Amino acid sequence: MGWRGWLMAWWLCGLLCGGVARAETLVLNATGTVRPQGAQVQVLEDASGSWTLAQVQAAARTGAWQPLASGQPSFGYSRSALWLRVDLLNRHPSQEAWQFGVLYPLLDEVDLYVVDARGRVRQHHATGDQRRFDTRPIPHPHFYVDLSLRPGEAGAVYVRLRSQGSLQAPLVVTTPTERLAQARVEFGWMGLYGGALLAMLLYNLMLFLSLRDRSHLYYVGYVAAFGVAQLTLNGLAFQYLWPAHPDWGNWALPLCMSTAGLLLSLFAREFLGLRTHAPGADRVMQGLQGLFLLIWPVLWLGHYAPAVKLSTVLTLVAPLILLGITTMMLRRGHHQARYFMAAFGGLLVGVVASSLSMFDLVEPNWLTTYGMQIGSVLEFVLLSLALAHRLKLAQEAHVRMQTAHAAELEARVLARTQDLDKALGELTEANGRLQELSQRDALTGLHNRQFLAERMPEIWGTAVRWKQPLAMLMIDIDHFKQVNDVHGHAGGDEALKAVAEVIARIMRRPGDHAMRYGGEEFLVVLPQTHAAGAMHMAERIRQEVAALTVTHGGQLIPLTVSIGVACATPGPRTAMAMMLQLADRLLYQAKAEGRNRCVLQPTALSQLRPPEPVSSAQT
C-alpha cells in the first residue's frame, strides 16, 4: 500500500470512529418521560428526499450522521428530508412497553422505523399531517409509536421528516401509562382554553344579534378563526375536524391566521374609531389588511411555505403595530385604548415566542408551546371587557342625552314653533332641489326622461299658445356598440360624458334643454328656434364631438354623432309625440346616409311614417 495508503486508511478509520463516538445511546432506566436531545439524537440531511432506510443505515458506517447541535430538534424551513436516529437501551428491570413520540403535529411526512439491535426493521409507519389520521399507529394529535424492549435489550428508532412548513421535531420516550396521564392534563387545559374561547364567542355573538354592532361581529369572527388555527396548531383539528381530509390542514393554518388578522384589523379600526381620530393609523391598518388578504392568492396558487412564512411574520408584526397605535391613542386621551395595550401586550409575548421557535431562532420550550394560548386567552378576555366597557359608556351617554333632551324639550318646542315658517320655506326649496336631482341623469348630468315627461308638455303648450317655432335635435353616438366592445363599459361611460359635456357647453340659452334620451341617444329641445338656428346648433355639436380626444386605458376613442333636426310651429292638433318621431326618423336617415352628419326636414308633420327597424350593430 505504501505509506500514503496507510496514512489514508488511518484517517478514514479515525473519522469513522469519531463519528461513531459522537453517538450517545439513550438509556431507559426509569418509567418517567425522557426527551432525547443533543448527542442522543443523530441527524442526517437527505437533500434529494429519496433515500431509503437501508441507505441511511449504510451512511452511519461512513460517519455521515451528525449529533444534534441544539437541545431539541428544530431546523426551521427546509426542502430537504431529515433523518433522525435515537439509539435506545432498556435498563429498567421490569418495564418492556415504551412509546416513542414526535411532538409537533404540523409535519407533512413522518416515517417511523423501529429497528432492533441487528438493524432489522420491526415496524414501519408512514404518517404525517398530509396523510389520513388513521395511518397513525396510536390515535393522538402527535405522532407516537409503540416500542417493545425487554430488560437489557437495545434498539433504535429512525424518523424521516419532510414538510413545507417549519421542521420542528421535539422527541419523547415514555410509557403508555405516563403518556395517558400527560394527555389527561394536556387535554384538560385545552378543554379550559377551548371553553373560554367558545364562551366569549357565544357571548359576543348574542350581543351582536341584539345590538347589531359591527365591532362584535368582527370580534366573533376573529375568535372563531383564531380558535380553528389553534386547533390546527395543536393537532386536534386533524383528529376531530378533518381526519379523512388531511389536505385541508395545509389550507387551514395560513387561511385561518390571515382571516384572524384581517378581522382583528377591522375590529381595531372600528373599535378605536381610527378613521375619525387617526386617519394615518387607519391607512396603516388598511395596508395590513391588504397584506393579510395577499396570503389567500399565494395559498390558492399552491405556495404553502411562503403563505405560512408571510402569515407568521404578519402575526408577529400586527400586535406590534397595534401596540404602537394604542400608545398613540392613549396619548391623545382615548382611554379605551388601555384595553388594547394590555390585550396585545400579553398576546405579543406568546406570538413572539412561537414565531421565534418556528424560525429556529430559539429552542422549543413551554413558552413557545403554550405562550400563544395563554396570551390569546388574556387578549380575548380583555377585548371582551373592552367591548363591555364600550357598551357601558354608550348606555351612560344615552342616559345623559335623554336627561338633556327632557330638560330642553319645552324650549325646543317654542323654538320650533317660531321657526316653522322658515323651515317650511327651506323644505320647499329642498323639495325643489330634490325634484331637480330626480330629473338629472347620474352619469352625464343632463336631464333625463323624467324631465321630458314632466316639463315637455309645458314647453310644448307655450309654443302652441304663442305660435312660436320649436326645434328638436335627436343625437346618437355613432358605432357606440363598438366602443363598448373595444373599450368596455367604462370606456363607453367616458364617451357618453364627453359628448354630454359638449352638448351642455353649447346649450347656453336659459330656455334650451338637453337630456339623455336613452342609451347613447340625446335629445335637445330649442324653443323659439327656426330651422337655420337649429341646424347651426346641430352642426356645432357634430363638429365639436368629432374634434374630441377621448382616451381610456391609454387608447384613443374616436367619436362622431348623427343628428336628426326636426323644426315646426306646432298647432293645437299637433301631438308632441309626432315631432319626436320625426326627429327620430331624421336621425336614422342621417345614419343611413353615412353617419357623422345632420339631417334637417322642416316639413309637415303629417308626412311622418314609423321608422324602419335598425339592428343594434348599425347603431
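Biologist: Which residue lies over the face of Tyr 144?

Modeller: This is a predicted model, and side-chain atom pairs count in it only at pLDDT 80 or more. A charge counts as sitting over a ring if NZ of Lys or CZ of Arg is within 6 Å of the ring centre and within 35 degrees of the ring normal. At 5.4 Å from the centre of the Tyr 144 ring, the residue that lies over its face is Arg 179.

Biologist: And at what distance from the ring centre does Lys 309 lie over the face of Tyr 77?

Modeller: Lys 309 falls within helix H9, which covers residues 304-331. From that helix, Lys 309 lies over the face of Tyr 77, and its distance from the ring centre is 4.9 Å.

Biologist: How far does helix H9 reach from its first C-alpha to its last?

Modeller: Helix H9 has 28 residues, for which 40 Å is expected at 1.5 Å a residue. After the helix comes Gly 333, with a positive phi near 90 degrees. The span of H9 in the model is close to the expected one, at 41 Å.

Biologist: Is the aromatic pair of Trp 83 and Tyr 113 stacked or edge-to-face?

Modeller: Trp 83 belongs to strand S5 and Tyr 113 to strand S7, so their pairing ties together parts that are 30 residues apart in sequence. Trp 83 counts as buried because its relative accessibility is 0%, and Tyr 113 counts as buried because its value is 12%. The ring centres are 5.8 Å apart with 25 degrees between the planes, and since planes under 30 degrees apart count as stacked, the pair of Trp 83 and Tyr 113 is stacked.

Biologist: What is the geometry of the aromatic pair formed by Phe 238 and Trp 242?

Modeller: Both Phe 238 and Trp 242 are buried, and their ring centres lie 6.2 Å apart. With 85 degrees between the planes, the pair is edge-to-face.

Biologist: Which strands are the edge strands of the open sheet with the order S14-S15-S13-S18-S19?

Modeller: The sheet has five strands with mixed pairing, and the twist averages 20 degrees from one strand to the next. Within it, S18 and S19 pair in the parallel sense over three bridges, and Val 565 stands opposite Leu 600 in S19. An edge strand pairs on one side only, and the two that do so are S14 and S19.

Biologist: How many disulfides does a search of the whole structure find?

Modeller: Cys 256 is buried, with a relative accessible area of 14%, and Cys 567 is buried too, at 7%. A disulfide would need a pair of cysteine sulfur atoms within 2.5 Å, and the number found in the whole structure is zero.

Technical notes:
Residues numbered from 1 in each chain as written. Predicted model: local features only at pLDDT ≥ 70, side-chain atom pairs only at ≥ 80, totals over all residues. Heavy atoms only, no water. Buried < 20%, exposed > 50% of the residue type's maximum accessible area, 1.4 Å probe, protein only. Helix = DSSP H or I, 4+ residues; strand = E, 2+ residues; numbered from the N terminus. Expected span 1.5 Å × (residues − 1). Phe/Tyr/Trp six-rings, centres within 6.5 Å; stacked < 30°, edge-to-face > 60°. Pairing = 2+ DSSP bridges. Axes fitted to C-alpha atoms, helices over the stretch in contact; angles between N-to-C directions.
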